[in-house]
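Please look through the sequence and the model below before reading on. The briefing that follows moves from the chain as a whole to a few chosen residues and their surroundings.

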Amino acid sequence: MNAQPEPGYHYHVMRRAIDLIDSRDTALTLEELAREMGMSAAHFQRLFSQWVGVSPKRYQQYLTLGHAKALLTERFTTLAAADEAGLSGTGRLHDLFLRWEAMSPGEFARGGDGLTIHYGWFDSPFGEALAMGTERGLCGLAFSEEFGREVAMADMRSRWPKAIYTEAPDRIAGWVEAAFGGRGEAALHMIGAPFQIKVWEALLQIPSGHVTTYSEIASAIGNPRAVRAVGTAVGRNPVSYLIPCHRALRKSGALGGYHWGLPVKRAMLAWEGARADE
């Protein structure tokens, strides 16, 4: 019986592939990619097909730096159009049903005082993830592969400094499994300032495999001049991936920043793009 890959293994392979692709001026063949990764072509093909559902040769186009520009041309979504198509709010992310509620401004101002937050470490398609949740839903989702566990934990805890934190992965495992498995329901408890929550609600309208721009989000929330503030709010999103800040790009096609590292953002866009095409 073959042993299953260690947690984060697929992401580590993909991360190396990104560096390799970026170092070359031309596309690599399957054999060249596999050789550089220290694998047989058959194993490399099987690994990527298992992870993302397409061959490494095809997946390579989603990992290139030009993929974001192509997405803006081919998969750009205005939030109004997403809303009209029924893709916003209570819509679906693949087969995943998202239900959310926001903390009141007064509760947020208290810095999580009186709030118990359960947390645990989980495997994900993008490496190890730190998940946090209240009794009402997931309130935090961070990725540790680029910066480490300590940074991820400190970052999350700094957002609600007065909350009580308890390691209890079993209390939130169902939501996390739904989030990464794409089946079932994942409840979200959005803990942020009113402006941030407006931005995060707008992000939830972007369908998987599509992108929008920071300026489009600013217009959608009725404040078209607040592009910089929108960018800050996007970066402060505490529930990465599920509140899909990775789908926000600059008008130029540049990726913009990503709180947990640009390689993670590129992996997410590539993973979703490939699955959407399939």
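Two residues are said to be in contact here when heavy atoms of theirs lie within 4.5 Å. The structure is a predicted model, and every value in this briefing was computed from it. The chain has 278 residues, of which 53% count as buried, and it is built with 13 helices and 9 strands.

**The chain as a whole**

- Among the contacts in the chain that have a separation of 6 or more, 69% are made by residues that stand 24 or more positions apart.
- The accessible surface of the chain amounts to about 12700 Å², and carbon and sulfur atoms hold 49% of that surface.

**Thr134 and its surroundings**

- Thr134 is part of strand β4, and because its relative accessible area is 4%, which is under the 20% cut-off, this residue counts as buried.
- When neighbours within four places in sequence are left aside, Thr134 is in contact with Leu115, Thr116, Ile117, Cys139, Trp175, His189 and Ile191.
- Ile117, one of these contacts, is 17 residues away from Thr134 in sequence, while the C-alpha atoms of the two are 4.9 Å apart in space.
- His189, also in contact with Thr134, is joined to Thr134 by a polar contact of 2.7 Å between the two side chains.
- The side chain of Thr134 also has a polar atom that lies 3.0 Å from the backbone nitrogen of Arg136.

**Aromatic rings**

- A pair of aromatic rings is described by two values, the distance between the centres and the angle between the planes.
- The structure contains 5 aromatic pairs, and one of them is formed by Phe126 and Phe143, whose rings meet edge-to-face with 6.2 Å from centre to centre and 80 degrees between the planes.
- The Phe126 and Phe143 pair links distant parts of the chain, since Phe126 is in the loop between β3 (116-122) and β4 (129-134), whereas Phe143 is in strand β5 (residues 137-143), 17 residues apart.
- Both rings belong to buried residues, with a relative accessible area of 0% for Phe126 and likewise 0% for Phe143.
- Phe143 also forms an aromatic pair with Phe180, again edge-to-face, with 6.4 Å from centre to centre and 65 degrees between the planes.
- Because Phe143 lies in strand β5 and Phe180 in helix α9 (residues 169-181), this second pair ties together parts of the chain that are 37 residues apart in sequence.
- Phe180 has a relative accessibility of 15%, and therefore counts as buried under the 20% cut-off.
- Ring pairs link Phe126, Phe143 and Phe180 with Tyr241 and Trp271 into a cluster.
- Arg149 lies over the face of the ring of Trp121, at 4.4 Å from the ring centre.

**Tyr241**

- Tyr241, a member of the ring cluster, is located in the loop between α12 (227-235) and β9 (248-249), and at 3% relative accessibility Tyr241 counts as buried.
- Most residues other than glycine have a negative phi.
- Tyr241, by contrast, has a phi near 75 degrees, which is a positive value.

**Glu145 and Gln196**

- Glu145 lies in the loop between β5 and α8 (149-159) and is partly exposed, with a relative accessible area of 22%.
- The side chain of Glu145 is joined to the side chain of His12 by a polar contact of 2.6 Å, and a polar atom of the Glu145 side chain lies 2.7 Å from the backbone nitrogen of Glu128.
- Although Glu145 and Val264 are 119 residues apart along the chain, 8.5 Å separates their C-alpha atoms.
- Gln196, found in helix α10 (residues 194-203), is buried with a relative accessible area of 18%.
- Not counting residues up to four places away in sequence, Gln196 touches Phe108, Ala233 and Arg236.

**Cysteines**

- A disulfide is a covalent bond between the sulfur atoms of two cysteines.
- With a cut-off of 2.5 Å between the sulfur atoms, the count of disulfides in this model is 0.
- Cys139 counts as buried at 0% relative accessibility, and Cys245 is buried too, with a relative accessible area of 6%.

Methods
Residues numbered from 1 in each chain as written. Predicted model: local features only at pLDDT ≥ 70, side-chain atom pairs only at ≥ 80, totals over all residues. Heavy atoms only, no water. Phe/Tyr/Trp six-rings, centres within 6.5 Å; stacked < 30°, edge-to-face > 60°. Helix = DSSP H or I, 4+ residues; strand = E, 2+ residues; numbered from the N terminus. Buried < 20%, exposed > 50% of the residue type's maximum accessible area, 1.4 Å probe, protein only. Lys NZ or Arg CZ within 6 Å of the ring centre and 35° of its normal. Polar contact = N/O pair within 3.5 Å; in protein donor to acceptor, adjacent residues only side chain to side chain. Areas by Shrake-Rupley, 256 points an atom, 1.4 Å probe, with all protein chains shown as cover.
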